[in-house]
Amino acid sequence: MKLIYIADDDLHIREALKAFLENAGYTVEAFENGDLLLAAFSGKPADLVVLDVMMPGSNGFAVCKELRRVSHVPIFMLTARDSDLDYQTGLDLGADDFFTKPVSPMTFVMRVKAIFRRIAYERGDVV
């Protein structure tokens with residue numbers, strides 16, 4: 001079963017995404033900030049990471065940059081900020097996708113499934 005980490009300082013968003021992803025069959029661990037996610041990742045890497053851009057402590061951009069130093073894990077950025085510069089920054093740092101809040105949970109889950117299918121295809125796994 002795929003493990004997904006979510007870091008968002010908004011409890012409602014964490015819980016909603018966690019519920020939708022678990023209903024889709026994923027294991028999800030949610031954190032209130034990026035520092036907690038990084039600590040968990042160093043002990044048990046996830047298969048996908050979801051990062052809010054604006055969080056106390058290490059923001060999503062900083063966490064994305066740190067994860068890219070050690071891993072090729074897929075990273076989704078999730079934020080209320082929607083400027084082209086924010087998108088460019090996230091993608092330049094190595095994020096695989098960028099979502100603006102509010103995000104449709106169904107669309108989000110479909111994009112998670114799509115990236116896992118793409119990874120399986122690239123590895124030569126049966127899809």
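This note goes through the sheet, the helices packed with it and one cis peptide bond in a predicted model.

1. **Sheet order.** Five strands make up an open sheet. Their order is β2-β1-β3-β4-β5, and the pairing is parallel. β2 (27-31) and β5 are the edge strands, each with pairing on one side only. From one strand to the next, the twist averages 20°.

2. **β1 with β3.** Strand β1 covers residues 3-7 and strand β3 covers residues 48-52. Four bridges pair them in the parallel sense. For a landmark in the viewer, take A7: its bridge partner in β3 is L51.

3. **α1 on the sheet.** Helix α1 packs on the sheet. The strands it touches are β1, β2 and β4. The direction of α1 makes about 175° with that of β2, and β2 is one of the edge strands.

4. **β4 with β5.** Strand β4 (residues 75-79) runs parallel to strand β5 (residues 97-100), and four bridges join the two. T79 is a useful residue to pick out here: T100 in β5 stands opposite.

5. **The link from β4 to β5.** Helix α4 spans residues 84-92. Together with β4 and β5, α4 makes a β-α-β unit. The hand of this unit is right-handed.

6. **α1 against α5.** How do the axes of these two helices cross? Helix α1 (residues 11-23) and helix α5 (residues 105-123) have axes that come within 10 Å and cross at roughly 55°. Angles from 35 to 65 degrees fall outside the parallel and perpendicular classes, so α1 and α5 are oblique to each other. The crossing of α1 past α5 is right-handed.

7. **Residues in that contact.** Which residues make the contact? From α1 come L17, F20 and L21. From α5 come P105, F108, V109 and V112. By class, this contact has seven nonpolar residues, with no polar and no charged ones. P105 is listed in the contact, and residue 105 also begins the range of α5.

8. **A cis peptide bond.** Where is the cis bond? A cis peptide bond joins K101 and P102. Omega there is about -5°. P102 is found in the loop between β5 and α5. The loop thus named lies between two elements met above: β5, an edge strand of the sheet, and α5, the helix that α1 passes in a right-handed crossing.

Technical notes: Residues numbered from 1 in each chain as written. Predicted model: local features only at pLDDT ≥ 70, side-chain atom pairs only at ≥ 80, totals over all residues. Heavy atoms only, no water. Axes fitted to C-alpha atoms, helices over the stretch in contact; angles between N-to-C directions. Parallel < 35°, antiparallel > 145°, perpendicular 65-115°, else oblique. Left-handed = near helix turned anticlockwise from the far one by under 90°. Contact = heavy atoms within 4.5 Å. Nonpolar A, V, L, I, M, F, W, Y, C, P; charged D, E, K, R; others polar. Pairing = 2+ DSSP bridges. Right-handed = clockwise from strand over helix to strand, strands pointing away.
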